[in-house]
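Visitor: I would like to go through this structure one question at a time. Please reason each answer through before giving the value or name requested.

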Amino acid sequence: MDNLDLSWLPNKILEKAYNNNLDFISAVEEAFKNDFVRNITYFNSIRIGIKKYPIESSGESSTFWHITTSTSRNIDGKEIRKRCPMRCERIKWPKAIFENDSDLIKVWRENNPGKKRIIFYFQLSIAIPKEQDYIVILDDRKTYFLLWTTYCFNNQIKSNSFIKRYNTAKKAGDALI
């Protein structure tokens, strides 16, 4: 890999820099709105939209809620979504990933029944070993992309799985970068 320069990657919005959780979430939401509501973001000259409805009980767009929370299970085994500080801190990363070419980013199409997705796998741990890798997923809606989800992980088995998926896509001609 030749292009390991990370100068294009925005700094995280660190939770510890804020006096309280409300101020932190406000800063995160402001960054999201700047990248995806007030301004248009593109990948391969195609607009990236967000799912505005349904509005979550917090008053946030569905996409914002989904990319800043993670799923866990309560005592009864019911899935619940809770705010994920690691996802929030990286809120500025999706737009930067769409707009930059780095050897650390693998991009490919996956077509499953009823779903056409674009996967961005940012292998940050190659450049910064203690840092987590990051995934961004777009839903292909033919005339635009919908920002579907983001998440980070530090798991070699999961990393190997994404590399395998990328290599399979590459062999099929579905690798985009």
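Visitor: With which residue does Glu30 form a salt bridge, and how far apart are the closest N and O atoms?
Guide: The model is predicted, and the values discussed here are computed from it. Glu30 counts as partly exposed, at 41% relative accessibility, and its partner is likewise partly exposed, at 46%. The salt bridge of Glu30 is formed with Arg38, and the closest N and O atoms are 2.9 Å apart.

Visitor: Which side chain meets Lys33 in a salt bridge?
Guide: Lys33 is partly exposed, with a relative accessible area of 31%. Its partner lies with Lys33 in helix α1, four residues apart, or about one turn of the helix. The N to O distance is 3.9 Å, within the 4 Å cut-off for a salt bridge. The side chain in question is that of Glu29.

Visitor: Is Lys95 buried or exposed, and which side chain of opposite charge is nearest?
Guide: Lys95 lies in helix α4, which spans residues 93-99. Leaving aside neighbours within four places in sequence, Lys95 is in contact with Asp35, Phe36, Asn39 and Thr41. Lys95 has no salt bridge, although a side chain of opposite charge is 4.0 Å away. Lys95 is buried, and that nearest side chain is Glu99.

Visitor: Which residues are linked with Lys12 in a network of salt bridges?
Guide: The structure holds nine salt bridges. Within a network of such bridges, Lys12 is linked with Arg90 and Glu131.
The residues asked for are therefore Arg90 and Glu131.

Visitor: How many residues of strand β7 are buried?
Guide: Strand β7 covers residues 133-140. On one side, Asp133, Ile135, Ile137 and Asp139 are buried. On the other side, Tyr134, Val136, Leu138 and Asp140 are buried, and both faces of the strand are covered. The count is eight of its eight residues.

Visitor: How many bridges join β7 to strand β8?
Guide: β7 also pairs with β6, antiparallel, through six bridges; there, Arg117 has Asp139 as its bridge partner. Strand β8, residues 145-153, runs antiparallel to β7 as well, and Ile137 has Thr149 as its bridge partner in β8. The number of bridges joining β7 to β8 is eight.

Visitor: Which residue in the hairpin of β7 and β8 takes a positive phi?
Guide: The hairpin has four residues between its strands. The positive phi is near 75 degrees. The residue that takes it is Lys142.

Visitor: With which residue does Asp139 form a salt bridge?
Guide: Asp139 counts as buried, at 7% relative accessibility. The partner is partly exposed, with a relative accessible area of 35%. The closest N and O atoms of the pair are 2.3 Å apart. The partner of Asp139 is Arg141.

Visitor: In which sense do strands β3 and β4 pair?
Guide: Strand β3 comprises residues 69-73 and strand β4 residues 79-83, with five bridges in the pairing. Ser72 has Ile80 as its bridge partner in β4. The two strands form a hairpin with five residues between them, and Gly77 in the turn has a positive phi of about 85 degrees. The sense of the pairing is antiparallel.

Visitor: What is the centre to centre distance of the aromatic pair of Trp8 and Phe122?
Guide: A search of the whole structure finds 16 aromatic pairs. In this one the planes are 50 degrees apart, and the pair is tilted. Trp8 lies in the segment before α1 and Phe122 in strand β6, so the pair ties together parts that are 114 residues apart in sequence. The distance is 5.4 Å.

Visitor: Why is the pair of Tyr151 and Phe153 tilted?
Guide: Tyr151 counts as buried, at 18% relative accessibility, and Phe153 is buried, at 6%. The ring centres are 6.4 Å apart. Planes under 30 degrees apart would count as stacked and over 60 as edge-to-face. The pair is tilted because its planes are at 45 degrees.

Visitor: Which residue lies over the face of Phe153?
Guide: Elsewhere, Arg47 lies over the face of Tyr144, at 4.9 Å from the ring centre. For Phe153, the distance from the ring centre is 5.7 Å. The residue over Phe153 is Lys158.

Definitions and conventions. Residues numbered from 1 in each chain as written. Predicted model: local features only at pLDDT ≥ 70, side-chain atom pairs only at ≥ 80, totals over all residues. Heavy atoms only, no water. Pairing = 2+ DSSP bridges. Phe/Tyr/Trp six-rings, centres within 6.5 Å; stacked < 30°, edge-to-face > 60°. Buried < 20%, exposed > 50% of the residue type's maximum accessible area, 1.4 Å probe, protein only. Lys NZ or Arg CZ within 6 Å of the ring centre and 35° of its normal. Lys, Arg positive; Asp, Glu negative; His and termini not counted. Contact = heavy atoms within 4.5 Å.
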